[in-house]
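User: Hi! Could you walk me through this model with a few questions and answers?

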Amino acid sequence: MANILLDNLVKTFGKQTAVKNLCLDIKDGEFVAVLGPSGCGKTTTMNMISGLLQPDSGKIYFDGKEMNNVPVGKRGVGFVFQNYAIFTYMTAFENIAFGLKIKKLSEGDINKRINEVAALLQLEKALHMKASRLSINDMQKVALARSMVTEPKIFLLDEPLSNLDATLRNVMRAELKNIQKELRQTAIYVTHDQIEAMSLADRIAVMNFAVLQQFDTPLKVYNRPKNLFVAGFIGSPTINLLDAVYDSGDFILADFQNKKQVVSEKNRARIHDLLKQEKVVLGVRPEHLKLSDSVEGNGNELTARVVSIEPLGSKTVVYLKSDSDTGNVIKAIMGSDYRPKVDQVKTLNFREKDLYLFDKISTELVFRF
Amino acid sequence: MIKKILKYVLIIFVAALFFFPIYWMATMAFKPFPEWTAAGEKLYWFPEQPTLDNFREIFVRRTDFKTDISSTATGPIINSLIISSLGTLMAMVLGIMAGYGISRYKAGGQLPFFLLQLRMFPPAAVLIPVMIMWAFLRMVDTWYGLAIIYGVVTLPFSTWLMKTFFDDIPSELDEAAIVDGCSSFGAFLKVVLPLTKGGIASTALFVFILNWSDFLIAFILTDRKWGTIPVYINKLQSATVGQLYGPKAALGLLAAIPPIVFGIMIQKYLVRGLTFGAIKK
Amino acid sequence: MRTWRESNVSNQDSQITHTKQLDKGRLGLFFTLPAQTALLFIVVFPLLASLYLSFTTWSPMTGRGTLWYQAYQFWAWFSNYWNIITDSAFLLSLVRTVIIVVVVVPVELLIGLGLAFLFLEKFPLKKLFHSVILMPMMIVPAVAGFIFYMLFQSAGPVNAILSKILFVEITTPWLTGSVTAMICVMLADIWQWTPLMFLILLSGLMALPEDQLNAARILGANWWQRFRMVTLPLLKPVIVIALILRGMEAIKIFDAIWLMTKGGPGTATETISVYLTKELRYLHWSWVATAGVIVVILISFASIHALKPIKEQEEQT
């Protein structure tokens, strides 16, 4: 229940920059996912928000109040650690009660709150077990409960679901979202799993190498990725990226024996204005690629050879390589009963409006068809 | 910020407290006779006329002090070296084998804990019969007599320490060697033992320090011929001068060198050694 | 000895494992046999001889001309035991030992713990200070005793420093007063062995799970609350081991005392080891044998209880 403003946060460890000029504006009650590969700076950012680390420069504001000098225990923040950090020598009950005891709540209040949380998370049976005897799933719930029960304004979660088995992960994902909406807490959720981020977050902050790449809703991050990194990070299987050269209005595709990708009239002018140089990357997502056997002759076809197939039950992922055998593997998603054979040649079909145009040198998104 | 400075001052203070006695011995070793016991205000915090006389005294006789014992310190130093080394050797051989047996085969039954119990008995309580046995076998005041006792008394350390080092090596390696045609003893000798070289060295140095530092046992079991350094220091008196601060400090300084040097070398394993492997950093 | 390859593979696995286990038993014995033999001859046998002697009043003086195993000629049944248990010198030496251990060990633990906490953070020249603090442990205990003998002379450096600090001339004859001598002896032990506690506790502290402490911080716990509710429970196993180990060794305290006071003044600092050594030199051998037996029995009982934590830890691994 507080908005968070991060103003130009910088944190270095020796020669390594962990967080570089991070600016983030998180609204009250928003669920924000901080997404990125290992080492991108997301945990460091969390630690600075919670107060465990002091930024080298830059300011942190909760509801307009500067928090840089407020000590860790007094920021009204809840934190769930990746490894849960349960107090080993206490029972689950004592763990959850810890924060409340520090706040000097009465025993009655403590019991009431804990029972509520335990009911919510289905922890009643495990409440009086010693922490070391809890199952991993229960440990995660205790870690959550311990933070929740102090009713923090801001909830920080550092990859809390990564240690859980798959079934519970999905259940907990939904639970978490519900709890957050009910309690209307501002939540920041660190993860390297883009599916998690896409399904949970109101907005996603994508980070790479200490720099914030993009901060947008899941849809925008998917449809309008700011650069090649974001485009490649979001979406599974990852987006297909084709090197090309801009040549008087059209694109020469390097991977496809320099076949021409003709640009429709309505887009020619704008592209001509926006493009700064001729080396580009065209992107098309596997879910927008259709495979067929026949040639339709509308100039947008490219052919490629099947190299392998991944039947996933509800869908089939087909891996192909262009005839010339150079270039990257292309991925396409087809229906569950599509069963091509290896080395078969297929035609790739897609609509122009599914294309992304990136500047190869600056890696930025230039145009979305 | 102030907290940090205060903490640092505290550390300096404690370090100074720990260092001062050593400093006192080091400076005393180089003080000439008049500076030894100057009282009160005239106390010499630093030798004003540093001299090597004390060292000369213990190695070469200068009869100014008219000490009781006729021998120099060279003897005890050599004795300490020989006896400590041999005791270490014995403890290591027995301990390496026993440690391996306990680690791999859980052999020996209550042996490990008997060894721990052994460390709890005050030597003075259990040395009488050893003394008598040794006297009977004419092993009193001999290098082998004392070395054997040292081997036994430090056996708990060598056994437990080597056990933990063997524990660190997965037994799959033994089994792989056996599958390849080695005998069990061969696997031990040719495969596992070389891998524990570091552990053996550290344990040996640790045991050596213990033997080198012993006083009570040497005091009871040796005297003139094979007295070790601590025994000699205890005896170093003078009829004319009384307590011989300078020479004793000089010898103490010399005697302190091996433990300090070895101690620094095995710093990593000190905790493991002193806790019988209960705590491994 | 059959190796795995040579054994007939068509034979049941059980036969192979059976052979291996037989060999295992014998081999294990082979490895521990030398140590056990040494212990048998040099520890067990003498202990039994001690027992034998304790029932006699033999000593090299009274038994002139007889060898020790002929001590039965001086058979005295349990009279030694009775006399010892009521002997004030013996009993007091036990009491003094207990007093020293009970004072010295906790003090070393507390100072060591405080130091360990200080060493958790970074500060300039940390390695140097670390080495300096470890040095007292490396000094030969007899030499340490002599150093403290020098330090506590009435005209020595300790009095000189105290005089400077308190602006009053201090000439306490530390080593010749009963209580003060005891204090000096304790200080010598504390000086020498606090570094050990420091070392053990530091490795214990560094192994603490940082996340738990961070979680406690975020939940609002201050330093003392974190120490009491998180750090201390996690440190308990280490502390217990440190106490047991140090206690075990402290009972035997001898070297420094002998070099500083020889148990004096009078018997003020006469611990059990000092008492026994003196009796030994007076050639009261059967008396010492009896005392030895009693001490061994007492300590065996104590050790079973004290070593339980270590035993449990071993069985866990």
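User: Happy to start with the interface: how many residues of chain B are in contact with chain C?

Analyst: Keep in mind that this is a predicted model. Contact here requires C-beta atoms within 7 Å. On the chain C side, 81 residues take part, and the number from chain B is 80.

User: Which helix gives the largest share of the side of chain B that touches chain C?

Analyst: That side of chain B divides into 61 nonpolar, 15 polar and 4 charged residues. The largest share, 13 residues, comes from residues 2–29, which form helix α1 of chain B.

User: Thanks! What does the secondary structure of chain C come to?

Analyst: Reading from the N terminus, the elements run α-α-α-α-α-α-α-α-α-α-α-α-α. Of the 317 residues in chain C, 41% are buried. The tally for chain C is 13 helices and 0 strands.

User: Now chain A: which are the edge strands of its open sheet?

Analyst: The sheet has 6 strands with mixed pairing, in the order β6-β7-β8-β3-β9-β10, and the twist averages 15° from one strand to the next. An edge strand pairs on one side only, and in chain A this fits β6 (77–80) and β10 (211–216).

User: And which residue in β9(A) is the bridge partner of Ala33(A)?

Analyst: Strand β3 (residues 31–35) of chain A runs parallel to β9 (residues 203–208) of chain A, with 4 bridges joining them. In β9(A), Ala33(A) is partnered by Ile204(A).

User: Lovely. At about what angle does helix α4 of chain A run to β6(A)?

Analyst: Helix α4 (residues 136–148) lies across β6 and β7 (154–158) of chain A. Its angle to β6(A) is about 175°.

Key. Residues numbered from 1 in each chain as written. Chains lettered and ligands numbered in written order. Predicted model: local features only at pLDDT ≥ 70, side-chain atom pairs only at ≥ 80, totals over all residues. Pairing = 2+ DSSP bridges. Helix = DSSP H or I, 4+ residues; strand = E, 2+ residues; numbered from the N terminus. Axes fitted to C-alpha atoms, helices over the stretch in contact; angles between N-to-C directions. Contact = placed C-beta atoms within 7 Å. Nonpolar A, V, L, I, M, F, W, Y, C, P; charged D, E, K, R; others polar. Buried ≥ 20, exposed ≤ 12 C-beta atoms within 10 Å, placed from the backbone.
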